[in-house]
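Me: I would like to learn where the words used for a protein model come from. Please take me through them one at a time.

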Amino acid sequence: MGLSGLDVIVVGGGIAGLAVAAGLRQRGAQVLVLEQAGDFREVGAGLQISPNGARVLQALGLGDGLSQAAMRSRAVALHEGANGRQVMRLDLPEGGAGFHLVHRADLIALLASALDGVQTRFVAQVAHVNTQGPRARVTLQGGEVLAADLVLGADGLHSVIRPAMQGGAVDPPFFTGQVAWRALIPAAPDSLPEAQVFMGPGRHLVSYPLRGGRVRNIVAVEERKAWASEGWNHPDNPANLRAAFAGFGGPVPDWLAQVSSVYLWGLFRHPVARHWHNGHAAILGDAAHPTLPFMAQGANMALEDAWQLLRCLQHAPIDRALHAYQNARRDRVAKVIRAANHNARNYHLRPPLAQIAHAGLRLASKLRPDAALRRFSWIYDYDVTRA
């Protein structure tokens with residue numbers, strides 16, 4: 001069943017917005033994407049696409065493009081921060097949809113390549129949305145009003161659409177007591193396509209190569225009381241990053257010595273939205289469920305949302321479709337977010353608990369090397385394109 005004749009406005013040109021826009025157009029809908037920036041220039045650095053997200057890209061016809069834009073990850077390796085000693089290595093499967101390491105801008109470009117026939121408007125700042133009536137209405141800054149059969153809010157953390165789903169009230173986020181730095185440095189030519197995690201008391205650092213091994217992505221998280229603003233684009237002094245991880249060994253000191261530009265942001269926990277739809281409007285991705293980065297599932301959940309929403313719209317009128325979409329997604333997303341919150345604590349253990357836990361991981365990796373991957377098979381093996 002196609003969506004010919006359906007008129008849709010998608011607010012936001014990030015991963016969720018472009019994925020759902022591409023899928024809607026492929027099914028015959030008329031789609032307008034409103035993006036507040038001047039183009040689809042996506043700030044950010046690296047991200048990980050796990051099999052559950054990769055399956056959506058493949059179903060959108062972008063599987064070959066993903067293989068070209070990303071590096072296929074071979075493993076996740078956990079290390080003690082102080083000395084770089086390996087605690088556990090988790091080899092990832094070579095077959096199937098795969099785990100991928102990709103620059104965020106390259107993923108955005110890949111999704112944008114699938115927008116043939118989609119209208120786009122840049123520098124389009126949404127001020128207000130009215131969800132009631134047969135046609136939802138979006139008011140832009142400056143007063144222009146646009147109407148559509150359906151408005152989809154994929155406008156991220158600071159969504160303008162989300163409050164309208166909740167009747168105007170939004171549960172406020174709270175600071176987790178953690179901040180994160182992100183940086184890109186040149187990668188060594190022999191960099192292995194794997195994610196490395198270095199764990200220490202109250203902090204950890206994740207790194208992996210991007211763009212064919214030419215660039216190395218670094219994300220470093222520290223527990224601290226000093227508050228930092230939420231968002232990806234707050235410049236910081238690289239000396240602060242180096243000071244926070246001064247006690248780390250292995251390759252970390254050399255990596256951090258190469259950092260010339262770094263961004264800092266505060267990690268805030270947002271409740272999953274109570275209501276994902278209202279009238280002829282709905283939200284998806286970070287607009288519905290901002291996710292802490294400790295399971296690398298933010299982009300993957302956005303892709304899953306997009307596909308589930310497409311399916312529901314194909315099989316029911318808008319009101320029923322949006323209700324079915326929320327019912328299909330909310331519990332799974334909440335479970336993934338709980339897993340991410342738990343992972344943060346595991347990475348930041350202090351002595352003597354850290355030594356005990358690391359010894360247990362070493363033993364478990366020898367006795368059952370695939371146990372850690374099996375533990376999260378409910379995330380990675382899920383196929384929203386078949387569910």
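Me: Which helices and strands do the buried residues of H4 pack against?

Reply: They pack against helix H1 (15-26), strand S3 (46-49), helix H2 (51-59), helix H3 (63-69) and strand S7 (100-103). Contact here means heavy atoms within 4.5 Å. A note before we go on: this is a predicted model, where local features need pLDDT of at least 70 and side-chain atom pairs pLDDT 80 or more, while totals for chains, interfaces and linings use all residues. Residues are numbered from 1 along each chain, and side-chain values use heavy atoms, without hydrogens or water.

Me: What makes a residue of H4 count as buried?

Reply: A relative accessible area under 20% makes it buried; over 50% is exposed, and in between is partly exposed (1.4 Å probe, protein chains only). In H4, which spans residues 104-112, Arg 104, Asp 106, Leu 107, Ile 108, Leu 110 and Leu 111 are buried. Across the 387 residues of the protein, 55% count as buried.

Me: Why is Arg 211 called partly exposed?

Reply: Its relative accessible area is 29%, and that value falls between the two cut-offs, so the name fits. Arg 211 sits in the loop between strand S15 (203-210) and strand S16 (215-223). Ala 296 is partly exposed as well, at 26%, and it lies in the loop between strand S20 (281-283) and helix H8 (298-315).

Me: What is phi for Arg 211 and for Ala 296?

Reply: Phi of Arg 211 is near 50°, a positive value in a residue other than glycine. Phi of Ala 296 is near 50° too. Most residues other than glycine have a negative phi, and most peptide bonds are trans. On the subject of peptide bonds, a cis one joins Pro 351 and Pro 352, with omega about -5°. Pro 352 is in the loop between H9 and H10.

Me: What makes something a helix or a strand?

Reply: Both are DSSP runs numbered from the N terminus: helices (H or I) have at least four residues, strands (E) at least two. Counted this way, the protein has 12 helices and 20 strands.

Me: How do you know that the radius of gyration agrees with a compact globule?

Reply: The radius is taken over C-alpha atoms, and the globule rule is 2.2 Å times the number of residues to the power 0.38. With 387 residues, the rule gives a value near 21 Å; the protein has 21 Å, so the two agree. The C-alpha atoms fill a box of roughly 60 × 40 × 35 Å along the principal axes.

Me: What makes an empty space a cavity or a pocket?

Reply: On a 1 Å grid over the protein atoms alone, a cavity is a set of points where a 1.4 Å probe fits but cannot get out, while a pocket is an open set with protein on both sides within 12 Å along at least five of seven lines. Lining residues have an atom within 4 Å of a point. Volume is the space filled by probe spheres set on the points, which are joined across faces, edges and corners. The structure holds 1 cavity of 30 Å³ or more, and the largest cavity has about 40 Å³ of space. Among the residues lining it are Arg 162, Asp 171 and Arg 274.

Me: How much space lies in the second largest pocket?

Reply: About 220 Å³. Of its 17 lining residues, the closest to the centre are Met 199, Gly 200, Pro 201, Ala 354 and His 358. H10 gives the largest share of the lining, 3 residues.
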